[in-house]
Amino acid sequence: MNKINIAPILDIAVEAGQGILKVYHDPAQDFRITSKKDNSPLTAADQVAHEIIMKGLTSLHPDIPVLSEEGADIPYEIRKDWPVYWCVDPLDGTKEFISRNGEFTVNIALMVNNEPVMGVIYSPVLNVIYYGSLEEGSFKMIPGADPERIFVSKETSNWKAIGSRSHADPEEEEVLKEFPVTDKLSIGSSLKFCFIAEGKAHIYYRKGPTMEWDTAAGQAIAVSAGAIMLNNLKEKFCYNKPALLNPGFFCYRS
């Protein structure tokens, strides 16, 4: 596979984010909230972002298939042999979007041999992009400005645990006692991975269910900044499974 230029992928993420904001800031917009098969919410903004990303990625790389949350009905028999594909969540943090707290993101990951090797996360409300690749490291950037290289914290004590604003689980508290956690943060969407990547937090443990597109871009960015990503058995975190539901996981500074 030829090396992928990340710059146009950043542009696609920003374009999708701006599409989301048009819905978010429209006073006449009721978001047209419906429910998916798993009863999770779906809004007009999810669909807008999905269409922008699909058009952008397929135009740039027509040979690379796309696995997107809003187009996930691809049989395992078709996708199991994909050597390279995109794993996309057009609007991560739909509950945050609906509650208007601004903590939602656009997630795009490049998968090679079922491993996230490049990730892009754009926060439309914060207007900040996090991106990274295993080859180049991880960066934070305001669109149009110069990027800043980011790294995980090397702190060995007084860790900050970061967790979900919408999916907190009391049992996670018990597991975190294994680590030198003295403080906690809560934030929505894949921004949790970004906080690990830039050293604002030290561990993200999630017991409850997520989907592969919820974690792929965040894992690429966090790992490229020096983090470790393991499943809840502290084994390698796997993608492109027959069922796209993730087990629990740890993401923490190495």
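This passage walks through a predicted model of one chain, from its overall build to a helix, some charged pairs and a few single residues.

Start with the whole chain. Its secondary structure adds up to 7 helices and 16 strands. The C-alpha trace spans about 45 × 45 × 40 Å along its principal axes. A compact globule of 254 residues would have a radius of gyration near 18 Å, so the 17 Å found for the chain agrees with that kind of build. As for cover, 57% of the 254 residues count as buried. The accessible surface comes to about 11,500 Å², and carbon and sulfur atoms supply 52% of it. Contacts tell a story about sequence distance too: taking those with a separation of 6 or more, 60% are between residues 24 or more positions apart.

Helix α7 gets a closer look. It runs over residues 212-224, which makes 13 residues. From its first C-alpha to its last it reaches 18 Å, close to the 18 Å expected at 1.5 Å a residue. That said, α7 bends by about 25° at Gly218. The helix is mostly covered, with 12 of its 13 residues buried. An α-helix has 3.6 residues a turn, so residues three or four places apart point the same way. In α7, the buried set takes in Glu212, Trp213, Asp214 and Thr215, then Ala216, Ala217, Gly218 and Gln219, and finally Ala220, Ile221, Ala222 and Ser224. Gly218, where the bend sits, is thus itself among the buried residues. Just after the helix, Gly226 takes a positive phi of about 115°.

One residue of α7 also turns up in the surroundings of strand β7. Ser133 is found in that strand, and it counts as buried because its relative accessibility is 10%, under the 20% cut-off. Setting aside neighbours within four places in sequence, Ser133 is in contact with Val117, Met118 and Ser224. Of these partners, Ser224 is one of the buried residues of α7.

Next come the charged pairs. Side chains of opposite charge can pair when their charged atoms come close. Across the whole structure, a search finds 10 salt bridges. One of them joins Glu135 to Lys3, with the closest N and O atoms 3.8 Å apart. This pair links distant parts of the chain: Glu135 is in the loop between β7 (128-133) and β8 (137-141), while Lys3 is in the segment before α1 (7-24), and the two are 132 residues apart. Both Glu135 and Lys3 are exposed. The pairing does not end with these two, as Lys3, Glu135 and Glu136 are linked in a network of salt bridges.

A second bridge runs between Glu198 and Lys140, where the closest N and O atoms are 3.1 Å apart. Here too the pair links distant parts of the chain, with Glu198 in the loop between α6 (191-197) and β12 (203-206) and Lys140 in strand β8, 58 residues apart. Glu198 has a relative accessible area of 17%, so it counts as buried. A third bridge brings together the side chains of Lys177 and Glu174, at 3.0 Å from N to O. Lys177 is exposed, and Glu174 is exposed as well.

A few loop residues round off the picture. Gly144 is found in the loop between β8 and β9 (148-150). Its relative accessible area is 86%, so Gly144 is exposed. From Gly144 to Ala243 the C-alpha distance is 39 Å, and the two are 99 residues apart in sequence.

Two other loop residues have a positive phi without being glycine. Asn158, in the loop between β9 and β10 (159-163), has a phi near 55°. Ser189, in the loop between β11 (181-186) and α6, has a positive phi of about 60°. Ser189 counts as buried because its relative accessible area is 10%.

Key
Residues are numbered from 1 along each chain as its sequence is written. This is a predicted model: local features need pLDDT of at least 70, side-chain atom pairs count only at pLDDT 80 or more; totals for chains, interfaces and linings use all residues. Side-chain values use heavy atoms; hydrogens and water are left out. Helices (H or I, at least four residues) and strands (E, at least two) are DSSP runs, numbered from the N terminus. The expected span of a helix is 1.5 Å times one less than its number of residues. The bend at a residue is the angle between axes fitted to the seven residues ending there and the seven starting there. Buried means under 20% relative accessible area, exposed over 50%, partly exposed in between (1.4 Å probe, protein chains only). The radius of gyration is taken over C-alpha atoms; the globule rule is 2.2 Å times the number of residues to the power 0.38. Contact means heavy atoms within 4.5 Å. Accessible areas come from the Shrake-Rupley method with a 1.4 Å probe; for residues, only the protein chains shown count as cover. A salt bridge is a side-chain nitrogen of Lys or Arg within 4 Å of a carboxyl oxygen of Asp or Glu.
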